[in-house]
Amino acid sequence: MIGIFHVFMWYFLLVLYKGQIKGAFGIYEPVTYKTGCTLWGIFFIIAGVFIIGVTKYPTRSGKLGREVSRILLFFYPLEFSVALTYSICSCSNLFRRQSDLTSVAEEAENTF
């Protein structure tokens, strides 16, 4: 689904890009063409085909992949909670007043 979305969005942007009228600032060149957005869509489609093939005929590596996925699914919420806690603590320190704050100009004068 992601791959098909990428390909359709590339086509949609192509239609919009071709219908542009040259304005005061020139013609907009979409970044998605320069980065190869449609190639990402093709890679997603190919990966999906391989995943469907592996699920139909599971091999030892497929079973190992499922075990790794289970382990990663356990650690993703843990990683998210650590990142959220860190960002909350970091943002809470931004609003604390410190009495020994000096301006950049004062710091520059003190160094000379």
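The protein chain exposes about 10400 Å² in this predicted model, and carbon and sulfur atoms account for 71% of that area. Little of the chain is tucked away: buried residues come to just 6% of the 112 residues.

As for the fold, it's helices from start to finish. The protein chain has five helices and zero strands, so reading from the N terminus the elements simply go α-α-α-α-α.

The UniProt record, an unreviewed entry, lists residues 7-28, 40-59 and 71-88 under "transmembrane region". Such annotations may be inferred rather than shown by experiment. How do the listed stretches look in the model? Over residues 40-59, the chain is 85% helix and 0% strand, with 27 Å between the end C-alpha atoms. Over residues 71-88, the helix share is 100% and the strand share is again 0%, and here the end C-alpha atoms sit 26 Å apart.

Next comes the surface. A nonpolar patch is formed there by I2, L39, W40, I42, F43, F44, I46 and F50, and together these residues offer about 860 Å² of accessible area. Which helix gives the most to this patch? That would be helix α3, spanning residues 37-56, which puts in seven residues. L39 is a handy example to pick out on the structure. This leucine lies in helix α3 and belongs to the nonpolar patch. With a relative accessible area of 48%, L39 is partly exposed. Patch residues need over 30% relative accessible area, so L39, at 48%, clears that bar.

Charged contacts are a short story, since the structure holds one salt bridge. The partners are E67 and R70, whose side chains meet at 2.6 Å, N to O. Why are these two separated by about one helical turn? Because E67 and R70 are three residues apart in helix α4, which covers residues 60-94. Are the two partners buried or exposed? E67 has 41% relative accessibility and so counts as partly exposed, while R70, at 52%, counts as exposed. The cut-off for exposed is over 50%, which is why R70 gets that label at 52% and E67, at 41%, is called partly exposed.

Conventions: Residues are numbered from 1 along each chain as its sequence is written. This is a predicted model: local features need pLDDT of at least 70, side-chain atom pairs count only at pLDDT 80 or more; totals for chains, interfaces and linings use all residues. Side-chain values use heavy atoms; hydrogens and water are left out. Patches are made of residues with over 30% relative accessible area and no salt bridge: like charges are joined within 9 Å, nonpolar side chains (Val, Leu, Ile, Met, Phe, Trp, Tyr) within 5 Å. Accessible areas come from the Shrake-Rupley method with a 1.4 Å probe; for residues, only the protein chains shown count as cover. A salt bridge is a side-chain nitrogen of Lys or Arg within 4 Å of a carboxyl oxygen of Asp or Glu. Helices (H or I, at least four residues) and strands (E, at least two) are DSSP runs, numbered from the N terminus. Buried means under 20% relative accessible area, exposed over 50%, partly exposed in between (1.4 Å probe, protein chains only).
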